Amino acid sequence: MPTSPPSLIAPSRTHRAWAALLALLLGLALLPGLGAGPAHAEPLDKSQPGLLSVTDARRALSTMAVDRNGADSGYHRDHFYKSWRVVTAQKGSNRGLRSWYGWDSYTSSSWKEPDVTRALAPKKGCDAREITLIRDAVNEDVRWNASDCKVTGGRWYEAYAGRTTTDASTLDIEHIVAMQDAWNNGAKSWHADQRLQFSHDPLVLAAVSKSENRSKGSRGPAQWKPSNKAAWPAYAQRYISIKSNYDLTLSSEAERTALWQMIGGAPAPSKPSTPAGPFKDVRKGQEHHVAMAWMKSAGISKGWPDGTYRPLQPANRDAMAAFLYRMEGSPKVSLPSRSPFRDVKPGQEHYTAIIWAYNKGITTGWDDGTFRPTQPIDRDAMAAFLYRFAGKPAYSAPSTSPFKDVRKGQKFAREMAWMKSTGISTGWADGTYRPAQPVKRDAMAAFLHRYSKKF
């Protein structure tokens, strides 16, 4: 596993890589595809971690459950966070920020990664508001104080309002799915770390017009939409992606109708197609449906208590350990009196599988002594897990990487090239591997199914 932790300083396990999770966009970074902006807000990256394609978003919307219990009066912002956490990078490197923003998956030859690390003082980084303002500035037209990371000037496109501003004080950092909405639709039952992760997830955050954000409040799409209609498709795409990734329900059928109105396309037929197998949310002909059915029949995945597999949800690190442990035949494990990871306790879900993976050298955890079990596993780390699970077979990587976004000498470059050589991973149609992108559960099934045929 990676030895370099991602960028959120405290607590140690609060940010995805799911986090994500979650890519730098030029212009409105967190709302890709918002076409009302000026030409200089382009290009816009639609392949960032956690963002579903329009097709997948529509599919997720078709099957998304609706909360039948109504609003919960127990919400308070402090259940998610009290103040913005600090984001930092490793000294002399953009690595932490690359992980947080998913820059590794951006491959446009016309785009140059900004040197954000010069904003980060050794003992004080940027909080999430400042770093989001820096990231969302149009064409990197932004100025900030290197000593405390406070933004002093720049230019931003307010996608909700459809206008450009040079005054950061007119901007709020918006949670596209409001925290109260998340609380009412599933987040109430989360661990505090997961709620903190949600509140700082780049997929969830956007720098937007203060007036628009405050007009919205905690309302969902059934009660509020951006005044700039050109922003509707991308707003809905991201909103659906967030709810799907975090397994949040819709507030009402009216919310589903409003999202269909914004994202476009026809709703799915009321009569679903025949399920492909044991999971009620996996249909015949769906991508990777054979592999997902195999996961159940082989005893590798049990699915969820409601009978779903949740194919578009990211696979967490503890689940990856459990899948491999079951593929090994669930061998007997001598459990230590003390866990090797300070965030994994005896009796915790998948504890035996995590200890087994540690004993086998499949995972080494992070430098800070954590395993981060509920953090989604990224595609590069997944390759490393599988390579070690296979016994680290002899393999010499080619001098030229088989993936155009994987450089020779990059962390896990050898393991990713091995995935390609074995046919376990074919990569994407554009020639990329997207190493920092979280692995969805349907893709995980495909990787493990292919692995089972070769080893």
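Buried here means under 20% relative accessible area, and that cut-off is what you need for the exercises below. Keep in mind that the model is predicted.

**Exercise 1. Helix α13 and its surroundings**

Work out which residues of α13 are buried, and what they pack against.

*Solution.* Start with the range: α13 covers residues 413–422, and seven of its 10 residues are buried, so it counts as mostly covered. Next, pick them out: A413, E415, M416, A417, W418, M419 and T422. Then look for the partners. Those buried residues pack against α12 (379–389) and α14 (441–454). Last, check how the helix is left: G423 follows α13 and has a positive phi, near 85°.

**Exercise 2. The neighbour on one side, α12**

Find out how many residues of α12 are buried, and what comes just after the helix.

*Solution.* Count first: 11 of the 11 residues of α12 are buried. The list includes charged names such as R379, D380 and R388 next to M382, L386 and F389. Now step past the end of the helix, where G391 takes a positive phi of about 95°.

**Exercise 3. The largest nonpolar core**

Identify the residues with the most contacts inside the largest nonpolar core, and the elements that supply it.

*Solution.* The core has 54 residues, and those with the most contacts inside it are L324, M382, L386, M419, M444 and L448. Six helices give it two or more residues: α9 (289–297), α10 (317–327), α11 (351–359), α12, α13 and α14. The largest share, eight residues, comes from α12.

Now zoom in on M419. Leaving out residues up to four places away in sequence, M419 touches M382, A383, L386, I424, S425, Y433 and F447. Of these, M382, A383 and L386 are buried residues of α12.

Finally, don't stop at one core. Another, of 38 residues, lies apart from it, with F80, Y160, W224 and L248 among its members.

**Exercise 4. Aromatic pairs**

Classify the ring pairs Y160–Y235 and F403–Y433 by geometry, and say which parts of the chain they link.

*Solution.* A search of the whole structure gives 18 aromatic pairs. Take Y160 and Y235: the ring centres are 5.7 Å apart and the planes stand at 90°, so with over 60 degrees as the cut-off this pair is edge-to-face. Y160 sits in the loop between β5 (156–158) and β6 (163–165), while Y235 is in helix α7 (residues 232–245), 75 residues apart. Both of these tyrosines are buried.

For F403 and Y433, the centres are 4.9 Å apart with 50° between the planes, which makes the pair tilted. F403 is in the loop between α12 and α13, Y433 in the loop between α13 and α14, and they are 30 residues apart. F403 and Y433 are both buried too.

One more item for the ring list: Y325, W356, Y387, F389, W418, Y451 and F455 form one aromatic cluster.

**Exercise 5. Arginines**

Locate R434, decide whether its side chain is buried or exposed, and find the arginines that sit over rings.

*Solution.* R434 is in the loop between α13 and α14. Its relative accessible area is 11%, so R434 is buried. Its side chain makes a polar contact of 3.0 Å with the side chain of D430. As for rings, the charged end of R317 sits over F371, 4.5 Å from the ring centre. R441 lies over the face of Y309, at 4.4 Å from the ring centre.

**Exercise 6. S199 and a strand pair**

Describe the setting of S199, then the pairing of β8.

*Solution.* S199 belongs to helix α5 (residues 192–200). With 0% relative accessibility, S199 counts as buried. Its side chain has a polar atom 2.7 Å from the backbone oxygen of L196, and a polar contact of 2.8 Å joins it to the side chain of H200. Along the chain, A128 is 71 residues from S199, yet their C-alpha atoms are separated by 9.8 Å.

On to the strand: five of the five residues of β8 (residues 205–209) are buried. β8 pairs with β7 (residues 171–175) in the antiparallel sense over five bridges, and A207 in β8 stands opposite I173.

Conventions:
Residues are numbered from 1 along each chain as its sequence is written. This is a predicted model: local features need pLDDT of at least 70, side-chain atom pairs count only at pLDDT 80 or more; totals for chains, interfaces and linings use all residues. Side-chain values use heavy atoms; hydrogens and water are left out. Buried means under 20% relative accessible area, exposed over 50%, partly exposed in between (1.4 Å probe, protein chains only). Helices (H or I, at least four residues) and strands (E, at least two) are DSSP runs, numbered from the N terminus. Contact means heavy atoms within 4.5 Å. A nonpolar core is a set of buried Ala, Val, Leu, Ile, Met, Phe, Trp, Tyr and Cys residues joined through side-chain atoms within 4.5 Å. A polar contact is a pair of N or O atoms within 3.5 Å; within protein, one must be able to donate a hydrogen and the other to accept it, and residues adjacent in sequence count only if both atoms are side-chain atoms. Two strands pair if DSSP finds at least two bridges between them. Rings of Phe, Tyr and Trp (its six-membered ring) pair if their centres lie within 6.5 Å; planes under 30 degrees apart count as stacked, over 60 as edge-to-face and the rest as tilted. A charge sits over a ring if NZ of Lys or CZ of Arg is within 6 Å of the ring centre and within 35 degrees of the ring normal.
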